[in-house]
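User: Please take a close look at one part of this model and follow it outward to whatever it touches. I would like a careful account, with each cut-off stated where it first matters.

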Amino acid sequence: MDQQLKSLTELLCGGFSNQQQAFENPPLYGHIKVRFRPLPQLTKGSLLLEQAYAIAPEEPYRVRVLRPMRCPERGLLIMNYSIRDDRRFWGSIEEADPSRRLSIEEGDLKLLEGCTYLVETTSAGFRGTVEPGCRCLVTRRGTTSYLVSEFELSATGMQTIDRGHDPKSHEHLWGSVAGPFQFDRYVDWRDECATAWPNA
Ligand code: CYC
């Protein structure tokens with residue numbers, strides 16, 4: 001793996017929480033945990049993602065596999081996959097016994113088309129934006145929108161902004177009226193990440 005890709009993957013490996021922001025601005029920001037942990041049984045760089053409200057950490061609202069990679073034409077990318085019957089793996093991300101998350105198989109993954117992040121370096125780390133094309137379609141309360149999303153990642157934390165727009169009018173439908181979510185790192189799984197794919 002090249003150095004930038006390795007560094008992006010390792011910076012993601014851990015748990016992030018916006019506890020401080022949520023406590024300071026209670027109605028505007030829910031308290032959320034975002035966790036990424038290596039899945040060494042899958043293609044190199046594969047990370048399990050669980051996003052959950054802190055009051056229900058074992059009932060995540062988004063469970064995915066993310067795969068940072070470098071592609072010759074597009075540079076650094078993060079591919080985003082949903083998992084078949086993801087309920088089987090809910091809460092496995094913070095379990096000391098890795099067996100449940102180790103049972104995720106390559107065949108369980110489905111690429112979320114149009115939802116790849118294009119990533120560039122910054123002075124403090126990395127910035128990623130969803131690929132252009134308005135193709136990352138999501139349905140919320142029966143209405144389809146496309147996602148516009150950005151994250152910034154550094155050694156200390158991560159900031160994210162998610163917004164939904166109408167596919168025809170491009171009108172802003174949901175998300176981020178109050179500014180980005182500010183996540184601090186509360187657990188570091190970088191070592192696990194560094195040893196996950198020894199022969200890769
Ligand atoms: C959807 N948020 C999404 C999607 C992505 C992200 C990729 C659409 C595809 C999918 O479901 O996977 C964002 N995924 C990320 C980010 C990373 C990632 C930033 C880190 C690299 O892996 N999202 C939040 C806030 C909340 C929010 C807590 C306030 C705006 O993080 C909302 N995101 C939100 C909603 C959707 C979404 C409502 C679409 C509908 C849904 O999933 O319910």
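Analyst: The account below starts from strand β2, moves to its partners and the ligand, and ends further along the sheet.

The coordinates are a predicted model, in which local features need pLDDT of at least 70 and side-chain atom pairs count only at pLDDT 80 or more, whereas totals for chains, interfaces and linings use all residues. Residues are numbered from 1 along each chain as its sequence is written, and side-chain values use heavy atoms, with hydrogens and water left out.

Strand β2 spans residues 32-38 and is mostly covered, since seven of its seven residues are buried (under 20% relative accessible area with a 1.4 Å probe and protein chains only; over 50% is exposed, and in between is partly exposed). Strands here are DSSP E runs of at least two residues, numbered from the N terminus. The cover extends to both faces of β2: one side carries Ile32, Val34, Phe36 and Pro38, the other carries Lys33, Arg35 and Arg37, and all of these residues are buried.

Strands pair if DSSP finds at least two bridges between them, and β2 has such a partner in β1 (residues 14-17), which runs antiparallel to β2 and is joined to it by four bridges. Within that pairing, Arg35 of β2 stands opposite Gly15. Strand β3 (residues 47-53) also pairs with β2 in the antiparallel sense, here over seven bridges, and Leu49 in β3 is the bridge partner of Phe36.

From β2 the description passes to the ligand. Around the ligand there are 23 residues (each with a heavy atom within 4 Å), and Ile32, Arg62, Arg64, Tyr117 and Asp162 come nearest among them. Three side chains have a polar atom facing an oxygen atom of the ligand within the contact limit (N or O atoms within 3.5 Å): for Arg62 the separation is 2.7 Å, for Asn80 it is 3.1 Å, and for Gln51 it is 3.4 Å. Taken alone, the ligand exposes 840 Å², of which the protein buries 87% (Shrake-Rupley areas, 1.4 Å probe). Two or more residues of the surrounding shell come from each of β2, β3, β4 (62-71), β9 (137-140), β10 (143-154) and β11 (157-165).

Returning to β1, its other listed partner is β13 (residues 181-188), which runs antiparallel to β1 and is joined to it by four bridges. Gly15, the residue opposite Arg35 in β2, has Val187 as its bridge partner in β13. Strand β13 in turn pairs with β11 in the antiparallel sense over four bridges, and there the bridge partner of Gly157 is Asp184. Strand β11 also holds Gly164, which counts as buried because its relative accessibility is 0%. The C-alpha atom of Gly164 is 9.6 Å from that of Cys136, although the two residues are 28 apart along the chain.

Beyond β11, the loop that leads to β12 (172-174) contains His170. His170 is partly exposed because its relative accessible area is 43%, and its phi is near 65°, a positive value in a residue other than glycine. Most residues other than glycine have a negative phi. A further residue with this feature is Asp85, which is not a glycine and has a positive phi of about 45°; Asp85 lies in the loop between β5 (75-83) and α3 (99-102), where helices are DSSP H or I runs of at least four residues.

Note on methods:
A polar contact is a pair of N or O atoms within 3.5 Å; within protein, one must be able to donate a hydrogen and the other to accept it, and residues adjacent in sequence count only if both atoms are side-chain atoms.
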